[in-house]
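Hi,

Here is the model I promised to pass on. Have a look at it first, and then my notes below should be easy to follow.

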Amino acid sequence: MTIFGLCKQSARGTIALVISVAVGYRVYQFTYPASLIGMDPDKVAVAVQRLIDYGFQSAISELPFYAEMAGFHVYAAMFGMVSGLDGHDAIVIMPVMIGVTLPLFIALIARSIATSERGLATVLGAGLASVGTISIHYATAPIPQTLATGAFVVFVYSTMRFQATERKEYFPILMLSLFLLAYSHKLGVLVAILGLIIGWVISHIQNQIDRTVSWQPLSSTPLLLATIALSFQWVFVSNFGVYVMLEPVRALLHSPDPAFLDQVVPTAAVDPTPGIGWGLATRVNQLVLLGCAAIAGFVYLFAKSTINRSQLLGFVAGSSLLVPIGVASSSTPGLIRIMLIGEPVLLALIAVAIAGLFRHNLPSRTVTNAGIAAILVLIVTSQVAVPAATPDHPLSSRHYLTEGEVVAKQFAYDNTETTTPIHVDYYYAREIVDFDRDGLTYTTGGNAAFPDGFSPVSNPIVMGGYPEKQYNYTLIRPGHKTYRTGVGIYRILYSLGNEFDATRGQSKVYNNGDGALYTSPLG
């Protein structure tokens, strides 16, 4: 018996194993660094702690959009209140939620649309969902869209089942998932509406192609509910709808700030990821998924229609429509955040298509199995080999702090004058390492994203001459080479520690190997 046959026979046990591994891996990645991963989760933790302490949503009133649509923060705070965890630890619920929800519901979606080999489609759906790169990344560095992604896959499944069966027990699940979707992120409901509309169009097209099948129109109830939810979210509860309409006009009429026109040309650092080849390599996971889903979608578009399949194709197309916006964006996060919601439904469609290949035994079952195995290896490898899959990828900058860096930052704060800022590199400055202090920032943009007492430094690091600035207090990471700065990610061509040690006027007052504090009387 092949491994595929074994998976089909023990689908439930295999899915339970997949979910256990998915949760374990995500929780481990979330917990093992000394700091939270990424740029925003530490601010999220502060916001969650404020909700736990005060018990009112107004406690995070300074957050743009999410002060009103605080589903992500409220969800984590509720878990913290029930479990007794603080805000920092309470957001561990996100990797747990993603690790359970995505494999489980993608397995259910794959099973509901498969017309053959349903057991294998179920297992493949769970397995592929567990290795989705972007969902791994944002489960371990949680943002509001993390919760929206979990709610989206539940909405997709409940919508498909409600439309196919019209059974009322799916309606409460549909409503709850739509509420979470609208209450947690500004993108999810829009993708849902696009998917519902395109699903109706695809169903109509398939009916025109194959008139031997009686066309059963998709229910308009989910679309009506989603439209109402979007209206409340964008117009009545927040002003995001006004922002979307006015932003293009503002961009045309607003003259760029001259400060942003000055291009920094580093003289002491290089781009660690130069060329188009690197850009493609870092996004190979997305290219493979979009390519495989496009092939599967094209085949199923002209195949015998079912309500579930038409609707899934709609959600796949709806989420893919926003990809060009991310491609046009100058930042990689723009694209991967757009892909986050769509990734699970792409994987569901691919899982069903791969399982469907078992119906074809030409030229032999052995060749078929080998071909399927090769496709799976390609997909899985493309997901786990890219930098976004792990915070310790050798080709990426490290977006978390080591234990030594955390200790050094705490020492610098506790042992310097509070009225004099400590100058540190951009990412090091942003990261909150002591969540017990009063007055911590929970906003993620602009100068407010930096904790009090720390001033970010970018240009002197990539241009050279950092020690010559002679700041009163400077905290550096002596052995660190690749820096996330305010002007991009760069790898310096010199030793920062050696430069400071060799500069007249710089005195080292603390060093633990990972962090070193210097003072200068000339500052």
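A word on naming before anything else: the helices I mention are DSSP runs of H or I with at least four residues, numbered from the N terminus. With that in hand, Leu289 sits in helix H16, which covers residues 284-301. Please keep in mind throughout that this is a predicted model.

First, the overall picture. The protein has 24 helices and 8 strands. Of its 523 residues, 51% are buried. Among contacts with a separation of 6 or more, 75% are between residues 24 or more positions apart.

Back to Leu289, since it makes a good starting point. Is it buried or exposed? Leu289 is buried, because its relative accessible area is 1% and the cut-off for buried is under 20%. Leaving aside residues up to four places away in sequence, Leu289 touches Glu343, Leu346, Leu347, Ile350, Ile379 and Gln383. For Glu343, the C-alpha separation from Leu289 is 7.8 Å, with the two positions 54 residues apart along the chain.

One of those contacts of Leu289, Leu346, turns up again in a cavity lining. The model has 2 cavities of 30 Å³ or more, and the second largest holds about 30 Å³ of space. Its lining is made up of Leu290, Ser319, Ser320, Val323, Ile338, Met339, Gly342 and Leu346. Helix H17 (307-320) and helix H19 (332-356) each put at least two residues into that lining, and H19 gives the most, with 4. By type, the lining splits into 5 nonpolar and 3 polar residues, with no charged ones.

Next, helix H4, residues 71-83. Does its length come out as expected or not? At 1.5 Å a residue, its 13 residues should span 18 Å, and the end C-alpha atoms are 18 Å apart, so the two agree. The buried residues of H4 are Gly71, Phe72, His73, Ala76, Ala77 and Gly80. What covers them includes helices H3 (41-54), H5 (87-90), H6 (93-113), H9 (144-165) and H10 (170-184). Right after H4 comes Gly84, with a positive phi near 85°.

Two of the helices in that cover, H10 and H9, also gave me long-range pairs to look at. In H10 there is Leu180, which counts as partly exposed because its relative accessibility is 23%. The C-alpha atoms of Leu180 and Gly71 are separated by 6.5 Å, although the two residues are 109 apart along the chain. In H9 there is Thr165, also partly exposed, at 28% relative accessibility. Thr165 pairs up with Ile307: 142 residues apart in sequence, 9.7 Å apart C-alpha to C-alpha.

Helix H8 (residues 133-140) is worth a look too. Since 7 of its 8 residues are buried, H8 is largely enclosed by the rest of the structure. The buried ones are Thr133, Ile134, Ser135, Ile136, Tyr138, Ala139 and Thr140.

Now for some backbone angles. Most residues other than glycine have a negative phi. Which residues go against that here? Two that I noted are Phe65, with a positive phi of about 65°, and Gln470, with a positive phi of about 55°. Phe65 is in the loop between H3 and H4, and Gln470 is in the loop between helix H23 (459-463) and strand S4 (473-476). Both loop residues are buried: Phe65 has a relative accessible area of 12%, while Gln470 comes in at 11%.

Last, the annotation. The unreviewed UniProt entry places "transmembrane region" features at residues 92-114, 120-139, 170-202, 223-246, 284-303, 312-329, 335-358 and 370-389. I compared two of these stretches with the model. Over residues 92-114 the chain is 91% helix and 0% strand, with the end C-alpha atoms 34 Å apart. Over residues 370-389 the chain is 75% helix and 0% strand, and there the end C-alpha atoms are 26 Å apart.

That's everything from my side. Over to you!

Cheers

Key. Residues numbered from 1 in each chain as written. Predicted model: local features only at pLDDT ≥ 70, side-chain atom pairs only at ≥ 80, totals over all residues. Heavy atoms only, no water. Expected span 1.5 Å × (residues − 1). Buried < 20%, exposed > 50% of the residue type's maximum accessible area, 1.4 Å probe, protein only. Contact = heavy atoms within 4.5 Å. UniProt positions renumbered as here; feature names shortened; annotations may be inferred. 1 Å grid on protein atoms, 1.4 Å probe; cavity = no way out; pocket = protein on both sides within 12 Å on 5 of 7 lines; lining within 4 Å. Points joined across faces, edges and corners; volume = space filled by probe spheres on them. Nonpolar A, V, L, I, M, F, W, Y, C, P; charged D, E, K, R; others polar.
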